[in-house]
Amino acid sequence: MNLNNILIRKGYSKIKLKKINTNHFEIKAKLNGVNGRFILDTGASNSCIDINLAEEFKLNVKDSETKAAGAGAIGMETKISSKNKIELKKWSYKNLNMVLLDLSHVNTALTEHDAKAVHGIIGADILEKGKAIIDYKNKCIYLKKLVFRY
């Protein structure tokens, strides 16, 4: 029995990853029903989206005292949006907090390497919530389907 069959049987969803020119993995997701392109970043503590896309992705934005560091920048202003729904294939989570920040430096780096700009970054918060297993050889990620008890 192979890894795919075991994980599917254990309640995981398989999501394809696309390796782009920068050697990052791109992942497609729906945020609040809107299709987006994201980079998978295991080192990012929080998932984030470009601050200029708040309206497009139907985000309810609030100010944040937190400054962002990472992704090539330090001390950037951030905003926060809570209670968002994210869908990655058949896996979904309905109470996601998204950090909003200026991702122009990320997209500049991508486009300089002939890669498409992204809307945001999928970080460790989602990976942890989904008990992620990344299969680098087969360019996919498995996320455990969430079961909610009321």
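**View 1. Ile86 sits in strand S7.** The model shown here and in the other views is predicted. Ile86 is buried, because its relative accessible area of 0% falls under the 20% limit. Leaving out residues up to four places away in sequence, Ile86 touches Ala29, Lys30 and Leu31. Its other partners under that count are Trp91, Ser92, Tyr93, Leu96, Ile122 and Ile126. His24 makes a useful distance marker for this view. The C-alpha atoms of Ile86 and His24 are separated by 20 Å. Along the chain, these two residues are 62 residues apart.

**View 2. Ser47 lies in the loop between S4 and strand S5 (48-50).** Is Ser47 buried or exposed? Ser47 counts as buried, at 0% relative accessibility. With neighbours within four places in sequence left aside, Ser47 is in contact with Asn97, Met98 and Val99. Ile121, Ile122, Gly123, Asp125 and Ile126 are also in contact with Ser47. Leu96 lies 8.8 Å from Ser47, C-alpha to C-alpha. In sequence, Ser47 and Leu96 are 49 residues apart.

**View 3. Ser13 is part of strand S1.** Ser13 counts as buried, with a relative accessibility of 5%. Which residues does Ser13 contact, leaving aside its neighbours within four places in sequence? They are Lys90, Trp91, Ile141, Tyr142, Leu143 and Lys145.

**View 4. Phe25 and Tyr136 form an aromatic pair.** The structure holds one such pair. The ring centres of Phe25 and Tyr136 are 5.8 Å apart. Their planes stand at 45°, so the pair is tilted. That angle lies between the limits of 30 degrees for stacked and 60 for edge-to-face. Phe25 belongs to strand S3 (residues 25-31). Tyr136 belongs to the loop between strand S10 (133-135) and strand S11 (140-144). The pair therefore ties together parts that are 111 residues apart in sequence. Phe25 is buried, at a relative accessible area of 9%, whereas Tyr136 counts as exposed, at 52% relative accessibility.

**View 5. The second largest pocket holds about 230 Å³ of space.** Its lining consists of Ile15, Lys16, Lys28, Ala29, Lys30, Asn35, Gly36, Glu87, Leu88 and Lys89. Which elements give two or more residues to this lining? They are strand S1 (12-16), S3, strand S4 (34-40) and strand S7 (73-88). S3 supplies the largest share of the lining, three residues. By class, the lining of this pocket has five charged, three nonpolar and two polar residues.

**View 6. Lys83 and Asp114 have positive phi values.** Most residues other than glycine have a negative phi. Lys83 is not a glycine, yet its phi is positive at about 60°. Lys83 is placed in strand S7. Its relative accessible area is 68%, so Lys83 is exposed. Asp114 is likewise a residue other than glycine, and its positive phi is near 60°. Where does Asp114 lie? Asp114 is in the loop between helix H2 (104-112) and strand S9 (120-122). Asp114 is exposed, with a relative accessible area of 68%.

**View 7. Ser64 has its place in strand S6 (residues 61-70).** Leaving aside neighbours within four places in sequence, Ser64 is in contact with Thr78, Lys79 and Ile80. How far apart are Ser64 and Asn5 in space, C-alpha to C-alpha? Their separation is 43 Å. In sequence, Ser64 and Asn5 are 59 residues apart.

**View 8. Cys48 and Cys140 are both buried.** Cys48 counts as buried at 6% relative accessibility. Cys140 has a relative accessible area of 0%, so Cys140 is buried too. A disulfide is a covalent bond between the sulfur atoms of two cysteines. How many disulfides are counted in this model? With a cut-off of 2.5 Å between cysteine sulfur atoms, the count comes to zero.

Notes
Residues numbered from 1 in each chain as written. Predicted model: local features only at pLDDT ≥ 70, side-chain atom pairs only at ≥ 80, totals over all residues. Heavy atoms only, no water. Buried < 20%, exposed > 50% of the residue type's maximum accessible area, 1.4 Å probe, protein only. Phe/Tyr/Trp six-rings, centres within 6.5 Å; stacked < 30°, edge-to-face > 60°. Helix = DSSP H or I, 4+ residues; strand = E, 2+ residues; numbered from the N terminus. 1 Å grid on protein atoms, 1.4 Å probe; cavity = no way out; pocket = protein on both sides within 12 Å on 5 of 7 lines; lining within 4 Å. Points joined across faces, edges and corners; volume = space filled by probe spheres on them. Nonpolar A, V, L, I, M, F, W, Y, C, P; charged D, E, K, R; others polar. Contact = heavy atoms within 4.5 Å.
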